[in-house]
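Welcome! Here is a short, friendly tour for anyone opening this structure for the first time. Please keep the 3D view at hand as you read.

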Amino acid sequence: SHFKVVDQFVAPSEFLRQRYIDWGLAPERIVVIENGQSDEPPLPPRPLAEGETRNRFGFFGQISPYKGLDVLLQALHELPKAERKKIVLEVHGANLDLHPKEFQDKIIELRDPLVKQGVVQWVGPYQPHELRRRMAGVDWVVVPSIWWENSPMVIQEAFVCGRPLLVSDIGGMAEKVRDGVDGIHVPAGNVLAWGKAFQKAALTNGAWDAMRKTIRRPIDHATCSDYHVDLLDAGMEY
């Protein structure tokens, strides 16, 4: 009943737009406008020591049962120890304490041995102004969510920073990241596949360089605003 009084809907992804169309909204009543991002320049690549590979991965965001951090930790546990120690996963996450104790205990049980081995670095929550500095220290950004997502802001933020991604192959994640072009798709929730993806990404400096160069820069805040104003103007003319 509330939707009846709305003239035009806006979605930040085609995936979300299609969900509403499938639900029954007329296609012409909903358009896609990406979320605007800062117009800061890409970060330079992380400096590598002699013989080092692009083996540092960063998880950024909420730690919840839907965000897939437990999948990443399990994937690292499944790797042979020699292979696991070639990888570093930085966790820049928040709000684990807000979730059920069973989930908290699961994350802690998986996390602590990996922290002791130096494979996981538990960095903790961050403020928006700290994001670029933190992304500067990683090569890849990972988005392992086991639910669809609509238009994960962290994907656009990673692209602004010039960082390719490893993402689950569903929903808005699969739409925003082009597999083999500016990132890698991984079967959602598949522990073994995530382990293999870590290994592959950590050993391919050339692929990282190529993906970084093909990143499409997200629209900035001003352009996003212009798109919304144009949409409003078109509606008023109608």
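The notes below go through the sheet, the helices, the cysteines and a few single residues.

This is a predicted model. At its heart for this briefing is an open sheet of six strands with parallel pairing. Several helices lie across strands of that sheet, helix 2 and helix 8 among them.

**The sheet**

- Reading across the sheet, the strands come in the order 5-4-3-6-7-8.
- Strand 5 (120-122) and strand 8 (183-186) are the edge strands, and each of them pairs on one side only.
- On average, neighbouring strands of this sheet are turned by 25 degrees against each other, with direction ignored.
- As general background, strands of a sheet pair through backbone hydrogen bonds, in either a parallel or an antiparallel way.

**How the strands pair up**

- Strand 3 (residues 56-62) and strand 4 (residues 88-94) run parallel and are joined by seven bridges.
- To find this pairing in the viewer, look for Phe57, which stands opposite Leu89 in strand 4.
- Strand 3 also pairs with strand 6 in the parallel sense, over three bridges, and here Phe59 has Val142 of strand 6 as its bridge partner.
- Strand 6 is in turn joined to strand 7 by three bridges, and these two strands run parallel.
- In that pairing, Val143 stands opposite Val167 in strand 7.
- Strand 6 is covered on both faces: Trp140 and Val142 are buried on one side, while Val141 and Val143 are buried on the other.

**Helices across the sheet**

- Helix 2 (residues 69-78) lies across strands 3, 4, 5 and 6, and its direction makes an angle of about 160 degrees with strand 4.
- Helix 8 (residues 191-202) lies across strands 3, 6, 7 and 8, running at about 165 degrees to strand 7.

**Where helix 2 meets helix 4**

- The axes of helix 2 and helix 4 (residues 101-116) come within 10 Å and cross at roughly 35 degrees.
- This crossing of helix 2 and helix 4 is left-handed.
- From helix 2, the contact is made by Leu69, Asp70, Leu73, Gln74, Leu76 and His77.
- From helix 4, the residues making the contact are Phe103, Lys106, Ile107, Leu110, Arg111, Pro113 and Leu114.
- Sorted by class, the contact of helix 2 with helix 4 has eight nonpolar, two polar and three charged residues.

**Helix 1 and its surroundings**

- Helix 1 (residues 14-23) has Phe15, Leu16, Arg17 and Ile21 as its buried residues.
- These buried residues of helix 1 pack against strand 1 (9-11), strand 2 (30-32) and helix 7 (171-176).
- After helix 1 comes Gly24, which has a positive phi near 135 degrees.

**The cysteines**

- A disulfide is a covalent bond between the sulfur atoms of two cysteines.
- How many disulfides are counted here? The count comes to zero.
- Why does Cys161 not form one? The closest cysteine sulfur, in Cys224, is 18 Å from the sulfur of Cys161, which is too far for a bond.
- Cys161 is buried, at 2% relative accessibility.
- Cys224 is buried as well, with a relative accessible area of 12%.

**Two residues with a positive phi**

- In general, most residues other than glycine have a negative phi.
- Asn95 is not a glycine, yet its phi is positive, at about 75 degrees.
- You will find Asn95 in the loop between strand 4 and helix 4, where it is partly exposed with a relative accessible area of 30%.
- Glu149 is not a glycine either, and its phi is positive at about 60 degrees.
- Glu149 lies in the loop between strand 6 and helix 6 (153-161).
- Is Glu149 buried or exposed? Glu149 is buried, with a relative accessible area of 7%.

**A closer look at Glu90**

- Glu90 is found in strand 4 and is buried, with a relative accessible area of 8%.
- Leaving out residues up to four places away in sequence, Glu90 touches Arg56, Phe57, Gly58, Phe59, Gln121, Val123, Arg134, Gly137 and Val138.
- Glu90 and Met135 are 45 residues apart in sequence, and their C-alpha atoms are 9.9 Å apart in space.

How values were computed:
Residues are numbered from 1 along each chain as its sequence is written. This is a predicted model: local features need pLDDT of at least 70, side-chain atom pairs count only at pLDDT 80 or more; totals for chains, interfaces and linings use all residues. Side-chain values use heavy atoms; hydrogens and water are left out. Two strands pair if DSSP finds at least two bridges between them. Helices (H or I, at least four residues) and strands (E, at least two) are DSSP runs, numbered from the N terminus. Axes are lines fitted to C-alpha atoms, for helices over the stretch in contact, and angles run from 0 to 180 degrees between N-to-C directions. Contact means heavy atoms within 4.5 Å. A crossing is left-handed if the near helix is turned anticlockwise from the far one by less than a right angle, and right-handed if clockwise. Ala, Val, Leu, Ile, Met, Phe, Trp, Tyr, Cys and Pro count as nonpolar, Asp, Glu, Lys and Arg as charged, and the others, Gly among them, as polar. A disulfide is a pair of cysteine sulfur atoms within 2.5 Å. Buried means under 20% relative accessible area, exposed over 50%, partly exposed in between (1.4 Å probe, protein chains only).
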